[in-house]
Structure formats: C-alpha cells, structure tokens
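Work through the exercises below with the sequence and the 3D view open. Each task is followed by a solution in steps.

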Amino acid sequence: MFKLALKNILYYKGRSVTTFLLTFISAFFFIVYVAFMDGSHSSMLKNALDVYTGSLQIYQKEYRDKGGYDYLIEENQKVFEILSDIEGIKAYSSRLETFGIASSKKHSAAMMLTGVDFSKEAKLSQLQKALQEGLYDSTGTCLYMGSELAKKLQLTIGDEVSFVGSAIDYSFVAELFKLCGTFKTGMYDFDRQSAFMNRPYFDTIFLSQNSSSYIVSMAEQMSDNDSIAHQISRDLPTDLRVYTWEELMKSMVELMKIDSLFGYISISLFFLVIFFVIMIYGFINVSTRIKEFGILKSIGLSDRDIDRLLFYEIFILTTGALMLATPLGSWLVYYFEIYPIVIPGMSEIYKEYGVVSDEVPTRFEPLTIIWNVLVVFFLNLLSILYPMFYVRSFTPVEAMRHV
Amino acid sequence: MFKTILQVAYRNAYLRKSRALLLILMIGLSMGVMVSIEGLYDGMSMNMIDRTKRSDSGEISLYANKYRLEHVIKYRISDADKKVLALQKITGVTEALYRLEVDGLAQTARKSKPSILLGIDLDDEKKFGKFEEFLKEGELDFGKNSAFIGGGLAKKLKVKIGSKVIFTAQDSQNEIKSIALRIRAIIRSSNINFDERALYIPRGEAARFLSVKQNSATQIALRTDETHTPTLQTTLQAKYPKLSVYTFAQLYPQLQQMQTMMDVFNTITFMIVMIVVFIGILGVMYVSILDRIREFGILLSIGYAYRYIRYQIMIEALLLGLAGYFLGLFVGLLILSYLTYQGLDLTLFAEGMEAFGMSSVIYASIKSSYFISTLFAIIIASLLSVVLPLRKIKKLNPVEVIRSAG
C-alpha cells in the first residue's frame, strides 16, 4: 500500500507539488515567525533582568504592598548566609532605595538614590557596563547617575549635586554630593530617575547599616531560577518573601503573552487558508480517482485499506515537506539567534516600552520547533479526513460508474 | 445569449456541490477571519492613537522653544489664553487648550515616585478629548487642594480615593516647593506618560504653585481637521516663530510607526491570503474544466464561439468567488460587529496592557475598505484563476478531444 501511495504521489503531480509547497511554506514560516516572536520577547526580558532587576529579589513581606522604611530587611547578613549555601546563584547583593529631590545650581529633579555595593553589582547587573563617563566604582560622596538625569540637571563630571530626602529613621537628610560618573542603560525611565552611591557612605547618611529595601540575586541558569527561589523560600525567615522575575516583571510578561496571543491569531489565519487549500486539492484529487477506488474496492480492498492509502499519500507528502522545512527553518532561526537582525533607531523609538536594544534576535528552541512542526503535521493529516469520508460514501459499483 | 451563458455557468459552477462548497467555505472563512484580524489590529492602534491625542497632543501641539529639550518651567508660553483664542479662529482648528506641566516627586507617607504635575482646565479637557471617559474611579470634581492621579502612579504609590499625596518640584524662581493634595479621581487615559506619572490639578492652582502667571502654559494642544494638519503646522510655525510646533507623528513617532507597521502587516497578510485563495480557486477551476474538456470540444465543433466559452468559465469562477465573498462578508461583519460593540475582553492581562498604554478591552474598527479591497482581490483572483484553463481550451483540437474522450 505504501508503494502504491508513492506511485500515486508521482502520478498526480499537480496535487503533490501544491501540497508539498504549501506544507513547506507553512512549516517554514511558522518556525521562523514563532522564533522571532519568542526571540524578541526573550531579548526584552533578558535585557530588563540583566540591566538591573536580576532573576529574583527578596523583600520584607509588606514592603511591595505598603512600602517605606518600616518594611526594610534588617538582617542582610543572615540572608546572605542563606544565599551563599545555595548552588546555582551567580551573584547577590543588597540595595537600599530612597527618593528625594536632587538639585544642581539651576535645576531640580526627582531622583531615586540607591545605596549599592559596586563590586557585587558589577557581577549582578549591567551597571558597570553601562558606564558612559567618569568613574563607576566610586567612594565617599560620589554619585553614579543616569545620563538622562544628569542631562536634565545639566551636570558634568565633578559638579556638585544637593539631595533632599529622609533617612530610614524618617529624619531629614540634606546632603551635598559630587557627580563622579554617568551611565546609560537604554532603559529611559531608569536613566532619567536613578543615581547610585557606594553603600558604606550611603549607610552613614541614611543610617541604614545592615538594612536593605531588597536583596537581589541572579541565577547562573535562568531555567534553575524557580528551584533556587524554592530553596531560598524554604530557608528564609517567615517575614521575608522571594519574588521571581515573573512576578517582578508581571506587566511585561503579560504584555508578551498578549503579543504572542495576537501572533498566534494572525498565524492561525494562514493555517486556515492553507488547510482548506490542501483539503481542496486532496478532495479534487480523490474525486477524480473515484473510479480507481471503485476498482480497488471491487478487487477486495476494504474502506480501511483505501483510508490507509490516502493516509500514506498525505503522510509521505507532509513528511517530505517537513523534512525540508524543519532543518532550513531551524538553520535560519539559529543563524539569527547568533547574528540578530539590527534595526537602527528601534530602541530610541520604543524606549518607553522597555526596548533597550536595536537587535531583533530569534530564539532557537528545539522543543518549540518540534511543536510547530507537529501542528502543521496534524493539520495536514486532518485535511484528508473529509476526502476519506467522501470516498467511503460510494459503493464499489457506484464508484466504478462515477463520471 | 448572455442569459443562456449565465444559466449554464451557474449550473456548472455548482454542479460538483462538495467541491464548490469547500471552495466557498475556504474563501468565506479566510476572508471573514482576515477582515476581523484587520479590524481588530486597526481598532487597537487607532484607539491608542485616539486616546493619546485626546489626553495629550491633539493633532498639533505648540511648546516654547527649548521646552521639549530641557523640560523646565523656565521655557514656557506666555499669554497662552490669548494665543488659544487666536488659534481657535484659524480654519481647520476645531479645539484648543493649554496646560501647565512640571516634573517633580510624588510622595505618600511610605512611597515616593518621580512624577509630573499637570495643570488642566477640566471643562476644556472635556471638550478637547472627552476627559470624562478616562475616569476610572472617583469623581471628576476638583475640590480644594485635590488632584486626580494616573492609574499606574496610583498603583505604584498605593494610593486610593481620599489618600493624601505630597508633590515636590522646583518653581519658576528655582525654589523647591511642595503641595499637599487629596486624591479625588483615578484616571486611565491609556497614555503611558500620564497614567504612570501624572497628577492632575486645576491649571490656576498649578500656576500659583509654580509662581507663574495664570495664563502661562508649557503646552498648547490643538484638535484639527486631519486634512488641514500638514499645512497648519507650517502656518503656525510662521505665525509663532518663538514657539515650536509639532504634529502628533513628531511627538509620538512610536505610535505612528505602530500604525504604519499594522498597515504593512495587514497588507502582507492580505496578499498572502489572496495568493493562497487564488491557488485554491485555480485548482478547482482547472479540474472542473478538465472534467468537461470533451463537452467544450463538442461545443467548439458545433460552432460555439470560443469567446462564449471564455465568458461562461469566467462567470463560473466569479460566481464561486462571489459566493465565497458574500459568506466572508457575513462572517466578517458578524465577528467585527461583535468586536466593535462588545470588544475583545483581555482584562485577564489588564496589568500588562495598561502598563504599556493599551486598554484591556480592545474594540475593532469596521472600515468599508476592508470589504471593498477584498471584493476586488477576489474578483481578480477568480478571473486570473481561469487564465491557465482557458489557454488549454483555446489550444483544443475539437476532433481529437471527442475521439480521445470517447
């Protein structure tokens, strides 16, 4: 039966070529489309996580809901000890965030000032790589400020900046700092609002020794992040809680789900049309062969045998097309993952949406490619059901008389 | 004669019912889904653009020179009230208003966030952009020392209606000043700039806080008749050389580009779908003609003109294509009507959508162009699909055909 199916495929060239081509195009297009969609999402998330957020953060339970200095982590060292015992963590550090008004000689702006350990941040985030001018690892009264904020305050390296805010005991803080370095991460809001300073000096001003707003950590492998979060949760004091990046970046994750949803809605249209065309060609082919089926039935072939014949035909055509589309699509996806397409100026235009790079990479994910291919495969198999049903509706005599 | 051709074409078109039905279903369903997707995407981007224009820029905005670069109150528009009155008299301008804006820090007892204070006139905003439609919670009534707050900022600061917020900023005299505000309403305009950062107060109060004249502004926004927008920009720039005049596309290039990308995407989708539809019709017509090749041979041998056969086949293809089109029209209108009035409810992802300036319920738009362009494309696809089969008939030798088929 398999050989007969193969002969039929070679004989009915029109149907075979159309089915083969449409299957090839739909599988190839699907693999590449999904890879670009997933790739741009991963890239946005990865950039956001690498730049500053990290893969997980630990908070005092009430901090994210209520906020303020009343809900700081007060025993950094204890948490550090827990983190140091867990495998798979690349780096961790504590941060203490405070807000206030920063002023240069002429201008003022709101600023988020964060006390950090610069050496740990260098392993944990992109802050060091984002250095634009001056010093990164500064000490004393030095500030490491977002380039947009420095621009707004019209500051250059070495200029003085005053800051008015409050210490963690809610006492008033007014301090004079010096701009020692600027950074540009590409995350517009972040660059427009943030400044960092070394933790020892920060602690003396804000009275925040051994406290933090949160402790941030980065997993070596993102795939291990959930299990690391689980291990940390198990060992943490009950008043602390771990948030994974999915929770921290909830809005971005949701937006990506929506984007994927629309992507799949769009591609389902192509599948619908292609499914129908393959079915129509299959049906036309079958309807022109009714006499042939009549003869096959009359010499003893059952309906099931005819079904098998038709199944083999579509199976061979689909498998052939997929065997060509899958490596080609995979190669293209792999290539663009290593050498992403660059759209100059994209990050500038979409800066408010968290786009920090002009690169549009793909994501080479064998499992995703497999399910993409399987969808096309099953749709093609589905397209032969109606023609099978149609052939079954004829008795051998009716079929042989069919014009 | 034509009537006979039409009757024959009609009977032949639907002679093979299953085949015809499959083709009609293919055209109808793909067209229905395609126009629905087109309408949904158009609706989404148009909605974002519309709400951004209504909440901020209008079609054209005027700023003091340098304000857009430095964003400081020093660069403000004086006598904005007189300018607005004058602008309202210009042909093509339908609405005009002015606003006063300053960057600063919003604080509650526990939380602080960089934000902006926006001085507005509520009545002007209602006329300009139906501001009342942006109300998410509370009431649109500025009491004493009260403010409205963007939904995203309210969430970040964890404030509710009645909460107190302190806003601190630098005034026009370079003094750091604070103002205590009681939240009266939460606003969701789907404009990220404002939803995530804005506190709204009466314009007069903002002027007092910033120590500027009551008729000072940082922005004058205009609603214009779209056809006049390009010429208006040039006219206004010439009339107000000390101000910078920007169109919506210059102020929000990302939204304009999004709209362009949607158009490109819709066009590509349309072309791909129509090519595949063409392949489908071609297959059916080709086989249908091959099935009847003997019939055509007989017709030609008894003196039936080739052109009549051509008309008949073209009409057959058109009848099938148009039947599919009308099914698609029905399916498309049905889905689009639902999506236009009920919308696609994505409140499950509300947080993500609102954080990026989208409404959580997406409404589609219905444009006659969706159906007109599809009609032409289906007519063209139907007619093109018979070119190849017709060439085959034209090359026929009637005697040979009758012999070989017999």
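**Exercise 1. Describe the salt bridge that B:Asp103 forms with chain A, and place it in the contact between the two chains.**

Solution.
Step 1. In this predicted model, the partner of B:Asp103 is A:Lys152, and the closest N and O atoms of the pair are 3.2 Å apart. A salt bridge requires a side-chain nitrogen of Lys or Arg within 4 Å of a carboxyl oxygen of Asp or Glu, so the pair qualifies.
Step 2. The count between chain B and chain A is two salt bridges. There are also 11 residue pairs in polar contact between these chains, both residues being at pLDDT 80 or more.
Step 3. On the side of chain B that touches chain A, the elements giving two or more residues include α2 (17-57), β2 (93-107) and α11 (253-291) of chain B. The largest share of that side, 19 residues, comes from α11(B).

**Exercise 2. How many residues does each chain give to the contact, and what area is buried?**

Solution.
Step 1. Chain B gives 67 residues and chain A gives 58 residues.
Step 2. About 5300 Å² is buried between the two chains, and carbon and sulfur atoms give 69% of this area.
Step 3. In chain B, the residues that lose the most area to chain A are B:Leu22, B:Arg110 and B:Phe356, which together make up 14% of what that side buries.

**Exercise 3. Which parts of chain A does the salt bridge between A:Arg289 and A:Glu313 tie together?**

Solution.
Step 1. The closest N and O atoms of A:Arg289 and A:Glu313 are 2.7 Å apart.
Step 2. A:Arg289 lies in the loop between α11 (250-288) and α12 (290-298) of chain A, whereas A:Glu313 lies in helix α13 of chain A, so the salt bridge ties together parts that are 24 residues apart in sequence.
Step 3. Buried means under 20% relative accessible area. A:Arg289 has 1% and is therefore buried; A:Glu313, at 0%, is buried too.
Step 4. Both residues belong to a network of salt bridges that links A:Arg15, A:Arg289, A:Glu292 and A:Glu313. Over all chains, the whole structure has 33 salt bridges.

**Exercise 4. Is each residue of the salt bridge between B:Asp50 and B:Arg54 buried or partly exposed?**

Solution.
Step 1. The closest N and O atoms of B:Asp50 and B:Arg54 are 2.9 Å apart.
Step 2. The two residues are four residues apart in helix α2 of chain B, which means that about one helical turn separates them.
Step 3. B:Asp50 has a relative accessible area of 30% and is partly exposed, while B:Arg54 has 9% and is buried.
Step 4. For another salt bridge in chain B, take B:Glu59 and B:Lys53, with 3.8 Å from N to O. Both B:Glu59 and B:Lys53 are buried.

**Exercise 5. Find where A:Asn210 and B:Lys66 lie, and state what is notable in their phi angles.**

Solution.
Step 1. Most residues other than glycine have a negative phi.
Step 2. A:Asn210 is not a glycine, yet its phi is positive, about 60°. A:Asn210 sits in the loop between α8 (199-206) and β9 (214-219) of chain A and is partly exposed, at 37% relative accessible area.
Step 3. B:Lys66 also has a positive phi, near 80°. Its place is in the loop between β1 (60-64) and α3 (67-70) of chain B, and B:Lys66 is partly exposed, at 48%.

Technical notes. Residues numbered from 1 in each chain as written. Chains lettered and ligands numbered in written order. Predicted model: local features only at pLDDT ≥ 70, side-chain atom pairs only at ≥ 80, totals over all residues. Heavy atoms only, no water. Contact = heavy atoms within 4.5 Å. Buried area = accessible area lost by both parts, 1.4 Å probe. Polar contact = N/O pair within 3.5 Å; in protein donor to acceptor, adjacent residues only side chain to side chain. Buried < 20%, exposed > 50% of the residue type's maximum accessible area, 1.4 Å probe, protein only.
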